[in-house]
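Visitor: Could you take me through this protein, beginning with how its strands pair?

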Amino acid sequence: MNSLLQRQVSKYLDEEALEDPKMKDFLTAIDESYNNSEEQFSMLQRAMRISSDELFDANQQLRTDVMYQKDILDSITTAIRALNLKEFEKENGEFEIKDLAEHIREQSEELQIAARKQEQLLKNLENKNQVLTDYAHMVSHDLKSPLRSVNTLISWIKTDNYDSLTTEGKEHFDMILKNVEKMDALIEGILNYSTIEMADHGHYEVDTKYLVQEIVDLLVIPEGIKVEISEELPVVKADKFRIQQLFENIIHNAVKSIQQDGKIEINVVDAGKFWKFEIKDSGKGIPERHHHKIFKIFEKIDTNQNSTGIGLSIAKKVVDFYGGQISLESKENVGTSFYFTLPK
């Protein structure tokens, strides 16, 4: 039996309850779901690490090829300028016409070879992206199936035996349901993280002021927390789904950081080719020793059992996707400001 389940059983159930056939079947179902979920979750983590390494290597190779092509184009430009000078300055013997023609021919052949390599690399990268997307969706579906079974089973038991359950028993069932919901959120977060760069939703105008207001209206924000949204929030050319993921995760993080009453401010400034956004909260702050890992996946800096450790990783991945930068400033017991840039 799973160690976590064993501990809860020994703590809250007596021998008589354990002898009940229905309870045995119920505990067996939960135990199998725990084992299946942990095993498949580990498989997903390993697959993500392997795929991320492959994508990193492919991106590094692509960057090298792009720089190589840039060097070739610079060489051709230099050659053309030399040719123009040759027409006007016959005494300049730096280039002979035949040498320059041969140089351009060689560079052209190298450029064609590099272009073919780049095309093949892009095809391979696209195939790997598609495989990773399909695998993430498949594993997500397989992980959620046992969770749905547990959820349904618990709901049946609560409905059929509600009057006979003690207050403590009802609390235990509620605790199980909360953990099922947490696991479901974790799986959904992993799926979003693994596919955020792959889906091609195009670029179109997204009104960030309207989008942020929509997010705030949908989130469950305690009455004691006031949210101030700047009237200057701009329209950006991006994909609404990605931008929603970005703002929603940072705002949600700000809400969690405020213990009781507080304020969240969402502002923007013009930073040349980029818009620089700020999401500032008056929460408990983040110790400086944790700043280096705040955007790493599965890293949590508090003991909140409902936290998945994925939200800020998704936010960073969206910002990276659009070529921006993300950072934070924070003081304990004062608050935190997250800064990120998006192209105009």
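Guide: Strand β2 and strand β4 (residues 262–271) run parallel to each other and are joined by five bridges, where strands count as paired if DSSP finds at least two bridges between them. This is a predicted model, in which local features need pLDDT of at least 70 and side-chain atom pairs count only at pLDDT 80 or more, whereas totals for chains, interfaces and linings use all residues. Residues are numbered from 1 along each chain as its sequence is written, and side-chain values use heavy atoms, with hydrogens and water left out.

Visitor: Which residue in β4 stands opposite Lys226?

Guide: Strands here are DSSP runs of E with at least two residues, and helices are runs of H or I with at least four, both numbered from the N terminus. Within β4, the residue opposite Lys226 is Lys263.

Visitor: Which strands does helix α7 touch, and what angle does its direction make with that of β7?

Guide: Helix α7 (residues 240–257) packs on the sheet and touches β2, β4, β5, β6 and β7, a contact meaning heavy atoms within 4.5 Å. Axes are lines fitted to C-alpha atoms, for helices over the stretch in contact, and angles run from 0 to 180 degrees between N-to-C directions. On that scale the direction of α7 makes with that of β7 an angle of about 175 degrees.

Visitor: In what order do the five strands lie in the open sheet, and which stand at the edges?

Guide: The open sheet has mixed pairing and follows the order β2-β4-β5-β7-β6. Each edge strand has a single partner, so one side of it is left without a neighbour in the sheet. The strands at the edges are β2 (225–229) and β6.

Visitor: Which side chains of strand β3 are buried?

Guide: In a regular strand the side chains alternate between the two faces of the sheet. Strand β3 (residues 235–238) shows such alternation, with Val235 and Lys237 pointing to one face and not buried, where buried means under 20% relative accessible area, exposed over 50% and partly exposed in between, with a 1.4 Å probe and protein chains only. The side chains that point to the other face and are buried are those of Val236 and Ala238.

Visitor: Where does Asn333 lie, and what is its phi?

Guide: Asn333 lies in the loop between β6 (326–331) and β7 (335–343), and it is exposed, with a relative accessible area of 71%. Most residues other than glycine have a negative phi. In Asn333, however, phi is positive, near 65 degrees.
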